[in-house]
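Trainee: Could you take me through the aromatic side chains in this structure? I would like a close look at them, and then a sense of the chain around them.

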Amino acid sequence: MTANPTSSVPPLTQRPAWRALEAHYQQIKDAHLRDLFAHDPQRGTKFVAEGAGLYFDYSKHRVTDETLRLLLQLAQECGLRERIDAMFRGDPINITENRSVLHVALRAPRDAVIMAEGRNVVPEVHAVLDKMSAFADQVRGGAWKGYTGQRIRNVINIGIGGSDLGPVMAYEALKDYSDRNMTFRFVSNVDGTDFVEATRDLNPAETLFIISSKTFTTLETMTNAQSARAWVLNALHDENAVARHFVAVSTNAEEVQKFGIDTANMFGFWDWVGGRYSMDSAIGLSTMIAVGPENFRQMLAGFHAMDEHFRATPFERNLPVLMGLLAVWYNNFFGAQTVAVLPYDHYLKRFPAYLQQLTMESNGKSVTLDGLQVNYQTGQIFWGEPGTNGQHSFYQLIHQGTKLIPCDFIGFSQTLNPLGDHHDLLMANLFAQTEALAFGKTPEQVKAEGTADALVPHRTFAGNHPTTTILAERLTPATLGTLVALYEHSVFTQGTIWQIDSFDQWGVELGKVLAKRIIPELQSKDEPQLNHDSSTNALIRRYRQQRGSRG
């Protein structure tokens, strides 16, 4: 089978299922969820699916049996089954880089066999996991000491993109399971304020830095790493201290050694792991130190459970497939351009930010696998905040604004922090919001409350706003793994429908290249010869003038 199974099939918009969906949309676009529920009293228990410990309620979506039938037919016509098999088989489905896409191997059990370039990669994965576990136990137990013999009490992960967003999201999500005797911080922004604030109140003699960069050349990461090195040496005054206060997650042994890190403390990963899919690789070393190897492996087990659900469950009951197809339905037929992710658990406060990279870097593409310009919308804009905070911020626009915004609500039946009736109030708000968004409030209902006629339009809620409710028993490491994998595979499903490569990210390169050209122009002592556009030239000159001499 070729890496691109779509090359011999018709363009997306010419496929029978797509055209049937266009006609179906015209028939259903004005149907209201009030009527859909009234016509089918069992709808609330019929349009649901379960898998890997998640309950997935999509009954409050503007779909019918026919909608789902056509969406599933579209998945079949787009070769979703074949492409899933190709990914799990290790085929190089990232065609622009000729690489396998095997983040599923990062959480496979020891006895699994997943091939890439003719070899089983699972033993390599577990060798790194074992090395991470041994190191994490040393740090957590106090056996790994800093250069002066003091115990490590602070861990700072330095990375950017997937080397930062995954670890910081996982740490915040699993904080209840973390070692509270240790401090964990994350530095990503090349803005010096990020590093200064992360280290301001810490003792270098008690601080361990994890430098996460596959190439060990990433500009932002290595700039922060050099500042960290200087910060440590300014306090400890010996180059030998670097080896006790820095470890690396990288594949570039030469640069790691040049930095002063013992390559025995270098944790590797592979080209078949994209950065935004790497939080369960060695990139998650800070997570493992925070929560311990056992909890980290429980998280991996959650990932794997969703992987197996995605791989083996029929599409009509397959959570990532259903989520992905619903995203296509709203994006391409209703014209909805954003998705709000609304976790009703404060520990998941960084989850929407994590999903922004996962979804938008993956599916922010405008050419097909064959290199042709698409003539339809691809990736949506993801955003969100935890409930109930968001209710007092942007929910007004969702309820009564002019934009259609599908929403994912995520909640848990049990809280990790029982406190009075807080959790019941939290979950009552979740359920109430999905009900209000679906059914709204009619003018007749508003009038019946005795509202003055002039105020009736202002207090009317149109409803018919689609929501998914994802409910789990408890936020555990395993549950976090299932949630992340759910969105990973939903992204994959959407990318397959849209015929795009969800696993490259060439769009992040151009700005980096231009920045390297501008840096010496900003730093030159003499007036540089500028050859940019008139706006960029003027901005550079104004910056140089206002900055003045370098301190």
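**Aromatic pairs and their setting**

Mentor: Happy to. Keep in mind that this is a predicted model. Let us begin with the outside of the molecule: the accessible surface of the protein chain is about 23,700 Å², and carbon and sulfur atoms supply 50% of that area.

Now to the rings. Searching the whole structure turns up 29 aromatic pairs. A good one to start with is phenylalanine 135 with tryptophan 144: the ring centres are 5.0 Å apart and the planes meet at 70°, and because an angle over 60 degrees counts as edge-to-face, that is the name for this pair. Both phenylalanine 135 and tryptophan 144 are buried.

Tryptophan 383 and phenylalanine 394 make another edge-to-face pair, with 4.7 Å from centre to centre and 75° between the planes. Here the pair links distant parts of the chain, 11 residues apart: tryptophan 383 sits in strand β11 (residues 381–383), while phenylalanine 394 lies in the loop between β11 and α16 (395–400). Phenylalanine 394 has a relative accessibility of 15%, and since buried means under 20%, this residue counts as buried.

Rings can also gather in a group. One aromatic cluster is formed by Trp18, Tyr25, Trp329, Tyr330, Phe333, Phe334 and Tyr376.

For a close look at a residue without a ring, try threonine 482 in helix α20 (residues 477–498). Threonine 482 is buried as well, with a relative accessible area of 3%. Leaving aside residues up to four places away in sequence, threonine 482 touches Ala52, Leu54, Gly302, Phe303 and Met306. An aromatic residue, Phe303, is thus among the contacts of threonine 482.

Stepping back, what does the whole chain look like? Its secondary structure comprises 22 helices and 13 strands. The radius of gyration is 25 Å, close to the 24 Å that the globule rule gives for 551 residues, so the protein chain is as compact as a globular protein of that length. The C-alpha trace spans about 75 × 60 × 55 Å along its principal axes.

Burial and contacts fill in the picture. Of the 551 residues in the protein chain, 54% are buried. Among contacts with a separation of 6 or more, 73% are between residues 24 or more positions apart.

Last come the charges: the protein chain carries 50 positive and 59 negative side chains, and the centres of these two sets are 4 Å apart.

Terms used. Residues are numbered from 1 along each chain as its sequence is written. This is a predicted model: local features need pLDDT of at least 70, side-chain atom pairs count only at pLDDT 80 or more; totals for chains, interfaces and linings use all residues. Side-chain values use heavy atoms; hydrogens and water are left out. Helices (H or I, at least four residues) and strands (E, at least two) are DSSP runs, numbered from the N terminus. The radius of gyration is taken over C-alpha atoms; the globule rule is 2.2 Å times the number of residues to the power 0.38. Buried means under 20% relative accessible area, exposed over 50%, partly exposed in between (1.4 Å probe, protein chains only). Contact means heavy atoms within 4.5 Å. Accessible areas come from the Shrake-Rupley method with a 1.4 Å probe; for residues, only the protein chains shown count as cover. Lys and Arg count as positive and Asp and Glu as negative; His and the chain ends are not counted. The place of a charge is taken as NZ of Lys, CZ of Arg, CG of Asp or CD of Glu. Rings of Phe, Tyr and Trp (its six-membered ring) pair if their centres lie within 6.5 Å; planes under 30 degrees apart count as stacked, over 60 as edge-to-face and the rest as tilted.
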